[in-house]
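Please examine the sequence and the three-dimensional model shown below before reading the briefing. The points that follow are grouped by topic.

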Amino acid sequence: MAPVIRMAHLVGPAAGTLNRRRWALGAGAALASPWLAAQAPRPSSVKLALIDPLSGPMADVGRNAMRSWAFLVQRLQADPALNPLGVQLHFAAFDNAGSPQASVNMLKAAIDQGFRYVLQGNGSGVATALIEAMGRHNRRYPNDPVLLINYAAMDPALTNERCSFWHFRVDADTTMKMRALARFVARQSPWRRLYLVNQNYVHGQQASAHFKRALAEQAPQATVVGDELHQAFAGVDFRPYARRIAASGAQAIVSSNWGVDLNGLIEALHAEGVRLPLLSYYAS
């Protein structure tokens, strides 16, 4: 049985990391697992709507996600071991251009078209808007609920003070990742002088704060010799940053940057001849 895959509202390479794909495969397989066989009624089809940026400065990351989820749908549909019920999977991608308000509009369009599982990862602000909108929908239509599968929006608040029954995150949050990175620096790396470069919005600010806190706890012998925040997705020239990193005596760079801002930072480091380890969980 061939999968039904279509891309909707497109106006604009596989996503993320191998680990992210593994998480995604696990989340997707759960939709068609033997566990589902015990539920009633059994679905004959599952409709998955990706709501992520397919245009604008974050489009490369969103399109990577779109291709990965399309691959996942094909994989699940083609393998009876992963899809024992023979559920027909339908996948569509909706472009939110990175905007929370556009995301809510795309959610309404997806719901009107019969989608009940929403996939999203690029931007915790977007995730927050979707969760709130889903909460309103599900209170109004309790027999026709919608679920968010969050594969990358990492604000710790989303599973703490803003926790929602209708939000399922399959990625570690920023606190978890920064503690793991600090533990690596403390136990396995020779680097003791670290330079932080992050985007100046909630994610980048949290990454910087959580890393410094975890580093102080786990590697007090290490020193942050630079801590910079820059405007996100604004065509920043990173060559001055690369020169400051080189002048600081840093032994390694830590960055939570993603998309064009991570690309730009790496290109600037190469252009300025800065040959230092870059610790980043979005390097792929």
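This briefing goes through the overall make-up, the charged side chains, one helix in detail, and some individual residues.

The model described here is predicted. The protein contains nine helices and 10 strands. Of its 284 residues, 51% count as buried. Its exposed area is about 13,100 Å², and carbon and sulfur atoms supply 55% of that area.

**Salt bridges**

- Side chains of opposite charge can pair when their charged atoms come close.
- Seven salt bridges are found in a search of the whole structure.

**The pair K177 and D171**

- One of the salt bridges joins K177 to D171, and the closest N and O atoms of this pair are 3.1 Å apart.
- K177 counts as buried because its relative accessible area is 16%, and buried means under 20%.
- D171 is also buried, with a relative accessibility of 15%.

**The pair R179 and E217**

- R179 and E217 form a salt bridge through their side chains, with an N to O distance of 2.9 Å.
- R179 belongs to helix α6 (residues 174–188) and E217 to helix α7 (residues 202–218), so this salt bridge ties together parts that are 38 residues apart in sequence.
- R179 is partly exposed, at 34% relative accessibility.
- E217 is likewise partly exposed, at 49% relative accessibility.

**The pair E272 and R239, and its network**

- A salt bridge connects the side chains of E272 and R239, with 2.7 Å from N to O.
- E272 is in the loop between α9 (260–271) and β10 (278–279), whereas R239 is in helix α8 (residues 239–248), so the pair ties together parts that are 33 residues apart in sequence.
- E272 has a relative accessible area of 25% and is partly exposed.
- R239 is partly exposed as well, at 37% relative accessibility.
- What network do E272 and R239 belong to? Together with R243, they are linked in a network of salt bridges.

**A positive patch on the surface**

- Which residues gather in a patch of positive charge on the surface? They are K108, R136, R139 and R140.
- Helix α5 (residues 124–140) gives the most to this positive patch, contributing three residues.
- R139 has its place in helix α5.
- R139 counts as exposed because its relative accessibility is 64%, and exposed means over 50%.

**The two faces of helix α8**

- An α-helix has 3.6 residues a turn, so residues three or four places apart point the same way.
- Which residues of α8 are buried? Y241, A242, I245 and S248 are the buried residues of this helix.
- These buried residues lie on the same side of α8 because they cover an arc of only 125° around the axis.
- The exposed residues A246 and A247 are carried on the face of α8 turned away from its buried side.

**Residues with a positive phi**

- Most residues other than glycine have a negative phi, and most peptide bonds are trans.
- A97 is not a glycine, yet its phi is positive, near 55°.
- The place of A97 is in the loop between β3 (88–95) and α4 (100–112).
- A97 has a relative accessible area of 41% and is partly exposed.
- F233 is not a glycine either, and its phi is positive, at about 55°.
- F233 is found in the loop between β8 (223–230) and α8.
- Is F233 buried or exposed? F233 counts as buried because its relative accessibility is 19%, and the cut-off for buried is under 20%.

**Residue A209 in helix α7**

- A209 lies in helix α7.
- A209 is partly exposed, with 32% relative accessible area.
- Where the chain is concerned, A209 and T175 are 34 residues apart, and their C-alpha atoms are separated by 9.2 Å.

Conventions. Residues are numbered from 1 along each chain as its sequence is written. This is a predicted model: local features need pLDDT of at least 70, side-chain atom pairs count only at pLDDT 80 or more; totals for chains, interfaces and linings use all residues. Side-chain values use heavy atoms; hydrogens and water are left out. A salt bridge is a side-chain nitrogen of Lys or Arg within 4 Å of a carboxyl oxygen of Asp or Glu. Buried means under 20% relative accessible area, exposed over 50%, partly exposed in between (1.4 Å probe, protein chains only). Helices (H or I, at least four residues) and strands (E, at least two) are DSSP runs, numbered from the N terminus. Patches are made of residues with over 30% relative accessible area and no salt bridge: like charges are joined within 9 Å, nonpolar side chains (Val, Leu, Ile, Met, Phe, Trp, Tyr) within 5 Å. Accessible areas come from the Shrake-Rupley method with a 1.4 Å probe; for residues, only the protein chains shown count as cover. Lys and Arg count as positive and Asp and Glu as negative; His and the chain ends are not counted. The place of a charge is taken as NZ of Lys, CZ of Arg, CG of Asp or CD of Glu. The arc is that of the directions from the helix axis to the C-beta atoms.
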